[in-house]
Amino acid sequence: MASAFAFASGASPSFLPSNTLKPKHSPLRRPLAAINIRSESMATEKLGIKVETNPSESKLSQLGVRQWPKWGCPPSKFPWTYSSKETCYLLEGKVKVYPEGSNDFVEIVAGDLVEFPKGMSCTWEVSVAVDKHYKFE
């Protein structure tokens, strides 16, 4: 069986035709150690809830997230109304948030930076225990 190193270094594994690999002089040929895999941050808004997945550590530091209070809960289902805007960062957990008057939901998971608007009433359906930092404004 061909090793990942042999494949990345241009050696032809026996199960592929030799013409499927880049020639040794190709600038696209790099050792595996030089390949950087990075998760990108992506922000969306759905049903009035803003969610940024995988925010950068610099953004979390700029917001002071690690100094915010923490809150957690086990798997459960409960109603909630936001008397002020809340921003939270999920350290652990998985939640479906159903805004009042909607059959649709927003799913939030560990690694999400989430903003709930003032006045929103919703139901939280927690399927994986939550641990989060939060801040009310």
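Which residues does Val95 touch, not counting residues up to four places away in sequence? In this predicted model, the contacts of Val95 are Val106, Glu107, Ile108, Trp124, Glu125, Val126 and Val130. Val95 itself lies in strand 5, and its relative accessibility of 0% means that it counts as buried. One of these contacts spans a stretch of the chain: Val95 and Val130 are 35 residues apart in sequence, yet their C-alpha atoms are 7.9 Å apart in space.

With that residue as a starting point, the whole chain can be introduced. The chain contains 2 helices and 8 strands, arranged along the sequence in the pattern α-β-β-α-β-β-β-β-β-β. Of its 137 residues, 29% count as buried. The exposed surface comes to about 9,000 Å², with 56% supplied by carbon and sulfur atoms. Among contacts between residues at least 6 apart in sequence, 68% join residues at least 24 apart.

A word on confidence helps in reading the model. The average pLDDT of the chain is 82, and 72% of the residues score at least 70. Residues 1-24 have a pLDDT below 50, and this stretch makes 22 contacts in the model beyond near neighbours in sequence. The pLDDT is also below 50 over residues 26-38, where 11 such contacts are found. Where pLDDT is low, the predicted coordinates should not be read in detail.

The interior comes next. The largest nonpolar core has 18 residues, and those touching the most other members are Ile49, Val97, Ile108, Val114, Phe116 and Trp124. Two or more residues of this core come from each of strand 2 (49-53), strand 5 (86-99), strand 6 (106-109), strand 7 (112-116) and strand 8 (121-136). A second, separate core is made of 5 residues, including Val65, Trp68, Tyr89 and Leu113. Phe116 offers a view of the surroundings within the first of these groups: leaving out residues up to four places away in sequence, Phe116 touches Ile49, Tyr82, Lys85, Glu86, Cys88, Val97, Ile108 and Trp124.

Cys88, one of the contacts of Phe116, is buried, with a relative accessible area of 0%. Cys122 is buried too, at 4% relative accessibility. A disulfide is a covalent bond between the sulfur atoms of two cysteines. In the whole structure, a search finds 0 disulfides.

Is strand 1 largely in the open or largely buried? Strand 1 (residues 42-46) lies largely in the open, because the number of buried residues among its 5 is 0. Strand 1 pairs with strand 2 in the antiparallel sense, over 5 bridges. Within this pairing, Met42 has Thr53 of strand 2 as its bridge partner. The two strands form a hairpin with 2 residues between them, and Leu47 in the turn has a positive phi of about 55 degrees.

Finally, the loop between strand 4 (76-81) and strand 5 holds Ser84. Although Ser84 is found in a loop, this residue counts as buried, because its relative accessibility is 15% and the cut-off for buried is under 20%. Apart from neighbours within four places in sequence, Ser84 is in contact with Lys118, Phe136 and Glu137.

Notes. Residues numbered from 1 in each chain as written. Predicted model: local features only at pLDDT ≥ 70, side-chain atom pairs only at ≥ 80, totals over all residues. Heavy atoms only, no water. Core = buried A, V, L, I, M, F, W, Y, C linked by side-chain atoms within 4.5 Å. Buried < 20%, exposed > 50% of the residue type's maximum accessible area, 1.4 Å probe, protein only. Helix = DSSP H or I, 4+ residues; strand = E, 2+ residues; numbered from the N terminus. Contact = heavy atoms within 4.5 Å. Areas by Shrake-Rupley, 256 points an atom, 1.4 Å probe, with all protein chains shown as cover. Disulfide = S-S within 2.5 Å. Pairing = 2+ DSSP bridges. pLDDT = per-residue confidence, 0-100.
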